[in-house]
Amino acid sequence: GRASPPLAALSQVLRLERSRRTAIVFPLQKLERYLAPGTDTARFRLFQPGLAALQRAEALFRSDRGHPIDYVSSAVRMDHAPPPALPEVCFIGRSNVGKSSLIRALFSLAPEVEVRVSKTPGHTKKMNFFKVGKYFTLVDMPGYGYRAPQDFVEMVEAYLQERHNLKRTFLLVDGVVGLQKTDHIAVEMLEEFGIPYVMVLTKIDRASRGLLLKNVLEIQEFVKENTQGCFPQLFLVSSVEFSGVHLLRCFVAHVTGNLPTVEAC
Ligand code: GDP
């Protein structure tokens, strides 16, 4: 196949021609012009930062000596979790949804960060904590499946309910297959706990434009009709092409309180 361009940094994206640049930075906006006339697109543009905000967010995800980004620890129980000292975000989703790939893409400007995968069946599933300087922590929650063991469910529930520094939960949904039964279970849990979350559609490079549009509109409608805690704008990402990754970095920076002003683009 075609080698994907190295677009991990905004400076690289800015060299692209305008329409390609929009597709990488604002993949949802890119779909807008294929919608039927009159479709309400307010939910496509709620979070639409300008270049300055995107750049400030990127700086947070770029490690250096004075700003280390590190894997901190793993935990199977809440009493093993690091102290809740910083604002935190967590990423959850079905196994294989593309969670490790996305976290790797987010941290691609901090190559020393090792995003571990534990795919071996029977291997204990853990919560992995990453510390981004003195600014926030990011938690990679174990992937859930339809046969998730009870202790796993309890761990995730305990985390979501007890973690007071948790600012936002990112629920990853496969952009090709759309919402599945297990995703609905996750949504019900988040709604029941009343914690704020965001839906992230993954692997968008694999979906045709028509399929992606269909999934986006369906999920958007679902969010509108059935949820209270879900941010109305969907985030679309491809960890292969880097689309949506810069915008997601910016949203993480924003919800963790590290980007107090986000001027619109
Ligand atoms: P996890 O189980 O949720 O951590 O999923 P992984 O990140 O390991 O990804 C599962 C599979 O999907 C792997 O084969 C990845 O290479 C593939 N994958 C993940 N993200 C993307 C993406 O954005 N685009 C494409 N085409 N494949 C992806």
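Reader: Which residue is the bridge partner of Cys90 in S4?

Author: In S4, Cys90 is partnered by Val139. This is a predicted model, where local features need pLDDT of at least 70, side-chain atom pairs count only at pLDDT 80 or more, and totals for chains, interfaces and linings use all residues. Residues are numbered from 1 along each chain as its sequence is written, and side-chain values use heavy atoms, with hydrogens and water left out.

Reader: How do you know that S2 pairs with S4?

Author: Two strands pair if DSSP finds at least two bridges between them. Four bridges join S2 to S4, so the pairing rule is met. These strands run parallel. Strand S2 (residues 88–93) is also parallel to strand S5 (residues 166–174), with six bridges; there Phe91 stands opposite Phe170 and Gly93 has Leu172 as its bridge partner. The names come from DSSP runs (H or I of at least four residues for helices, E of at least two for strands), numbered from the N terminus.

Reader: What makes S1 and S7 edge strands?

Author: The open sheet has seven strands in the order S1-S3-S4-S2-S5-S6-S7, with mixed pairing. Strand S1 (69–75) and strand S7 (235–236) each have a single partner strand, so one side of each has no neighbour in the sheet.

Reader: Why is S2 described as largely enclosed?

Author: Buried means under 20% relative accessible area, exposed over 50%, and partly exposed in between (1.4 Å probe, protein chains only). Six of the six residues of S2 are buried, so the rest of the structure largely encloses this strand. Both faces are covered, with Glu88, Cys90 and Ile92 on one side and Val89, Phe91 and Gly93 on the other.

Reader: Why is the link between Lys203 and Asp174 called a salt bridge?

Author: The term asks for a side-chain nitrogen of Lys or Arg within 4 Å of a carboxyl oxygen of Asp or Glu. The closest N and O atoms of Lys203 and Asp174 are 3.6 Å apart, so the pair qualifies. Lys203 is buried at 17%, and Asp174 is buried at 9%. Lys203 lies in the loop between S6 and helix H8 (209–226) and Asp174 in strand S5, so the bridge ties together parts 29 residues apart in sequence.

Reader: And what makes Arg77 partly exposed or exposed?

Author: Its relative accessibility is 44%, so Arg77 counts as partly exposed. Asp79, with 55%, counts as exposed. The side chains of these two residues meet in a salt bridge at 2.7 Å, N to O.

Reader: Why are H4 and H9 called parallel or perpendicular?

Author: Axes are lines fitted to C-alpha atoms, for helices over the stretch in contact, and angles run from 0 to 180 degrees between N-to-C directions. Under 35 degrees counts as roughly parallel, over 145 as roughly antiparallel, 65 to 115 as roughly perpendicular, and the rest as oblique. Helix H4 (residues 51–60) and H9 pack at about 80°, with their axes 8 Å apart, so they are roughly perpendicular.

Reader: Which helix gives the most to the largest nonpolar core?

Author: A nonpolar core is a set of buried Ala, Val, Leu, Ile, Met, Phe, Trp, Tyr and Cys residues joined through side-chain atoms within 4.5 Å. The largest has 48 residues, and Phe91, Phe170 and Leu248 are among those touching the most other members. Helix H9 (residues 245–255) gives the most, with eight residues.
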